[in-house]
Amino acid sequence: MGGIGHPVPPRRSASLGRAQSLVNLRMLRPRMDDARYEERQVSLLRTNASTLSLGCDYLYFIAEKPERFYFTLGVAMAYWSFDQDQGAGKLTRHSTKPSAAAGVGYQWSATLGAEIRYLHGTTVQTASADAVQAGITLRF
């Protein structure tokens with residue numbers, strides 16, 4: 001998420017999903033993402049932002065089985081919440097917007113992998129919420 005031309009890193013972010021095999025090369029991964037962003041202050045206006053999204057990723061493994069390199073494409077609906085405080089009063093705004101993601105990953109073992117993806121979305125009105133996300137994947 002960016003604001004006034006500056007990127008804002010998430011203060012806390014978590015993701016939960018479960019991959020389901022379709023055939024040897026493909027998987028679907030329903031997911032839920034939760035992110036809380038750093039508080040921003042411009043003059044007297046303080047803004048806190050958070051998002052909760054539900055979506056699904058399509059994983060395509062290059063090998064004949066779910067290991068090594070893979071590509072991912074995903075879609076989600078993101079619920080955004082903004083709390084703004086000017087000192088004289090507090091305003092809360094909410095919106096639900098679609099988002100899309102594309103990335104690559106590497107599965108080291110049946111339980112451990114890593115992924116990097118580009119996420120494109122919007123927040124309230126047309127404010128951009130583009131991000132690059134990197135993470136470790138664990139399967140149980």
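Here are a few notes on how some strands of this predicted model pair up, and on its largest nonpolar core.

1. Start with β7 and β8. Strand β7 covers residues 45–61, and it pairs with β8 in the antiparallel sense over 16 bridges. The two form a hairpin, with 6 residues between them. To find your way around, look for Asp 57, whose bridge partner in β8 is Gly 74.

2. Now follow the chain on to β9. Strand β8 (residues 68–85) and strand β9 (residues 90–107) are also antiparallel, and 18 bridges link them. You can check two spots here: Gly 74 sits opposite Ala 101 of β9, and Trp 80 has Ser 95 as its bridge partner in β9.

3. Have a look at the turn as well. The hairpin of β8 and β9 has 4 residues between the strands, and in this hairpin Gly 87 takes a positive phi near 95°.

4. What comes after β9 in the pairing? Strand β10 (residues 112–121) runs antiparallel to β9, joined to it by 9 bridges. A hairpin of 4 residues connects the two. Gly 103 finds its bridge partner in β10 at Arg 117.

5. Which residues make up the largest nonpolar core? There are 8 in all: Ala 35, Tyr 37, Ala 49, Ala 78, Trp 80, Phe 82, Val 124 and Ala 129. Strands β5 (26–37) and β8 each give at least two residues to this core, and the largest share, 3 residues, is from β8. As background, nonpolar side chains tend to be buried together in soluble globular proteins.

6. One residue ties these points together: Trp 80 belongs to that core, and Trp 80 is also the bridge partner of Ser 95 in β9.

Definitions and conventions:
Residues numbered from 1 in each chain as written. Predicted model: local features only at pLDDT ≥ 70, side-chain atom pairs only at ≥ 80, totals over all residues. Heavy atoms only, no water. Pairing = 2+ DSSP bridges. Core = buried A, V, L, I, M, F, W, Y, C linked by side-chain atoms within 4.5 Å. Buried < 20%, exposed > 50% of the residue type's maximum accessible area, 1.4 Å probe, protein only.
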